[in-house]
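Reader: Hello! I'm new to this one and would love a close look at a single part of it, taken slowly. Could you pick a good place and walk me through what surrounds it?

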Amino acid sequence: MNLMQAVRYDAYGGGPAGLKHVEVAVPSPKANEVLIKLEAVSINPIDWKIQKGLLRPLFLPRTFPHIPCTDVAGEIVEIGTQVKDFKVGDQVLAKLTHQYGGGFAEFAVASESLTAARPSEVSAAEAAALPIAGLTARDALTQIAGVKLDGTGQLKNILVTAASGGVGHYAVQLAKLGNTHVTATCGARNIDFVKGLGADEVLDYRTPEGAALKSPSGRKYDAVINCTTGISWSTFDPNLTEKAVVVDLTPNASSLWTAAMKKITFSKKQLVPFFVNVQREGLEYLLQLVKDGKLKSVIDSKFPLSKAEDAWAKSIDGHATGKIIVEP
Ligand SMILES: NC(=O)c1ccc[n+]([C@@H]2O[C@H](COP(=O)([O-])OP(=O)(O)OC[C@H]3O[C@@H](n4cnc5c(N)ncnc54)[C@H](OP(=O)(O)O)[C@@H]3O)[C@@H](O)[C@H]2O)c1
């Protein structure tokens with residue numbers, strides 16, 4: 001039996017201290033799966049929210065012990081009997097499932113249908129950063145906010161909150177591929193960074209104007225990609241155009257209630273809960289944009305697998321600029 005290093009947890013809770021370094025069997029690919037030797041893995045907040053037990057009502061994770069993280073890049077070392085689109089030696093990006101995870105390890109199995117070829121121009125870390133964060137940004141903008149990323153749509157004013165984070169930094173860049181004016185919020189230290197991503201105006205969220213989400217140019221927003229938590233509807237409301245939509249990426253009981261009330265009272269301004277659904281098409285779309293130089297993955301920091309708990313703690317801390325990467 002081939003063994004590999006992995007980092008996993010045995011129960012809900014525990015944070016970084018709940019992660020254990022173990023030696024386990026290298027998984028075997030099923031007929032429609034590929035076995036990937038991992039080079040880079042990115043962390044998303046959902047990974048540690050699952051450890052906290054916040055997704056227990058959705059039966060996540062399926063089993064303990066659980067090896068967390070789903071957004072991975074590496075090289076295929078074995079393929080299942082029915083795999084058609086890939087061969088051993090291919091460099092790929094893949095999205096694993098939240099049910100079974102598998103990213104914090106030297107090897108992982110991925111479904112062929114959630115695997116995409118990685119162009120040589122895109123590094124493993126730049127690729128691994130993309131799946132959940134990049135596709136949340138893209139799909140919130142296109143499916144809910146109605147932005148056309150080929151630039152053909154009508155001009156829209158977009159607000160991106162927490163624009164320095166994983167989702168936010170992609171949302172600013174992708175919104176600017178469309179016909180948009182982008183206002184963004186972030187901390188003071190990241191204002192120049194977020195302007196560099198293409199934001200037209202940037203608010204420091206710790207100032208009164210920033211906390212009130214007031215556009216410096218007096219614009220009202222047609223859509224908000226809300227990448228943070230704790231902003232109430234009454235703060236959004238005065239800043240919105242008549243038919244605006246606020247995309248809620250972190251729904252909770254209170255925001256779901258507000259969203260339902262907006263809907264049943266036929267409010268023109270809507271709050272829409274959104275959960276990303278990663279598909280291979282999306283992975284290929286974002287990889288192509290990065291290859292073409294139209295989108296960049298900003299890496300906050302890189303940690304070896306031996307320091308995975310430090311990467312985990314940094315993500316939980318919530319102050320990353322761009323994406324946190326672990327390199328097995
Ligand atoms: N629904 C979905 O499908 C989906 C998918 C992906 C993510 N999400 C959720 O979306 C949220 C964002 O995810 P993420 O990966 O982008 O997180 P992240 O990378 O951890 O976000 C960190 C960034 O947020 C900034 N920030 C924190 N509070 C802020 C505030 N009040 N105003 C402005 N900026 C603020 C921080 O800046 P400072 O360091 O300056 O504080 C930091 O740069 C998470 O709650 C995540 O669970 C949902």
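Author: Happy to! One definition helps before anything else: helices are DSSP runs of H or I with at least four residues, strands are DSSP runs of E with at least two, and both are numbered from the N terminus. Please also keep in mind that this is a predicted model.

Let's warm up with a loop, where those names are put to use. Pro 61 is found between helix H1 (45-52) and strand E4 (71-79). The peptide bond joining Leu 60 to Pro 61 is cis, with omega at about -10°. Pro 65 has its place in the loop between H1 and E4 too, and a cis peptide bond links Phe 64 to Pro 65, with an omega of about -5°. Phe 59 lies in the loop between H1 and E4 as well. Its phi is near 60°, a positive value in a residue other than glycine. Phe 59 counts as exposed, because it has 9 C-beta neighbours inside 10 Å.

Now to the part I'd like you to look at closely: an open sheet of 6 strands. Reading across it, the order is E10-E9-E8-E11-E12-E13, and the pairing is parallel. Strand E10 (201-204) and strand E13 (270-273) stand at the edges; each has a single partner strand, so one side of each is left without a neighbour in the sheet. From one strand to the next, the twist averages 20°.

Try starting at strand E8, residues 156-161, which pairs in the parallel sense with strand E11, residues 221-226, over 4 bridges. Look for Leu 159: its bridge partner in E11 is Val 224. Also packing on the sheet is helix H8 (residues 253-264), which touches strand E12 (240-248) and E13, and whose direction makes about 130° with that of E13. In the loop between H8 and E13 you will find Phe 266. Phi of Phe 266 is near 55°, a positive value in a residue other than glycine. With 7 other C-beta atoms within 10 Å, Phe 266 is exposed.

Go back to E8 and turn towards E9. These two strands pair in the parallel sense over 5 bridges, and Leu 159 stands opposite Thr 183 in E9. To get from E8 to E9 the chain passes through helix H4 (residues 166-175), and this β-α-β crossover is right-handed. Strand E9 (residues 180-186) is mostly covered, with 6 of its 7 residues buried. A step further along, E9 and E10 run parallel and are joined by 4 bridges. One pair to pick out there is Cys 186 with its bridge partner in E10, Asp 204. Here, too, a helix lies on the path: E9, helix H5 (residues 191-196) and E10 make a right-handed β-α-β unit.

H4 deserves a pause of its own. Since 10 of the 10 residues of H4 are buried, this helix is largely enclosed by the rest of the structure. Among these buried residues are His 169, Tyr 170, Gln 173 and Leu 174. What do they pack against? The buried residues of H4 pack against H3, E8, E9, H5, E11 and strand E15 (323-327).

That list leads us to H3 and to the stretch that follows it. Leu 149 sits in the loop between H3 and E8. This leucine touches Thr 142, Leu 174, Leu 177 and Gly 178, leaving aside residues up to four places away in sequence. Between Leu 149 and Lys 176 there are 8.0 Å from C-alpha to C-alpha, although they are 27 residues apart in sequence. Leu 149 is partly exposed, because 19 other C-beta atoms lie within 10 Å and a buried residue would need 20 or more.

H3 itself (residues 131-144) also meets helix H9 (residues 280-291): their axes come within 10 Å and cross at roughly 90°. H3 and H9 are therefore roughly perpendicular to each other. On the H3 side the contact is made by Pro 131, Gly 134, Leu 135 and Arg 138, and on the H9 side by Gly 282, Leu 283 and Leu 286.

Finally, here is the wider setting. The UniProt record, an unreviewed entry, annotates residues 14-326 as "domain: Enoyl reductase (ER)". Over those residues the chain is 27% helix and 27% strand, and the end C-alpha atoms are 20 Å apart.

Technical notes: Residues are numbered from 1 along each chain as its sequence is written. This is a predicted model: local features need pLDDT of at least 70, side-chain atom pairs count only at pLDDT 80 or more; totals for chains, interfaces and linings use all residues. Two strands pair if DSSP finds at least two bridges between them. Axes are lines fitted to C-alpha atoms, for helices over the stretch in contact, and angles run from 0 to 180 degrees between N-to-C directions. Two residues are in contact if their C-beta atoms, placed from the backbone, lie within 7 Å. UniProt positions are given in the numbering used here, feature names are shortened, and annotations may be inferred rather than shown by experiment. A residue is buried if 20 or more other C-beta atoms lie within 10 Å of its own, exposed if 12 or fewer, and partly exposed in between; C-beta atoms are placed from the backbone. A crossover is right-handed if, with the strands pointing away from the viewer, the path from the first strand over the helix to the second runs clockwise. Angles under 35 degrees count as roughly parallel, over 145 as roughly antiparallel, 65 to 115 as roughly perpendicular and the rest as oblique.
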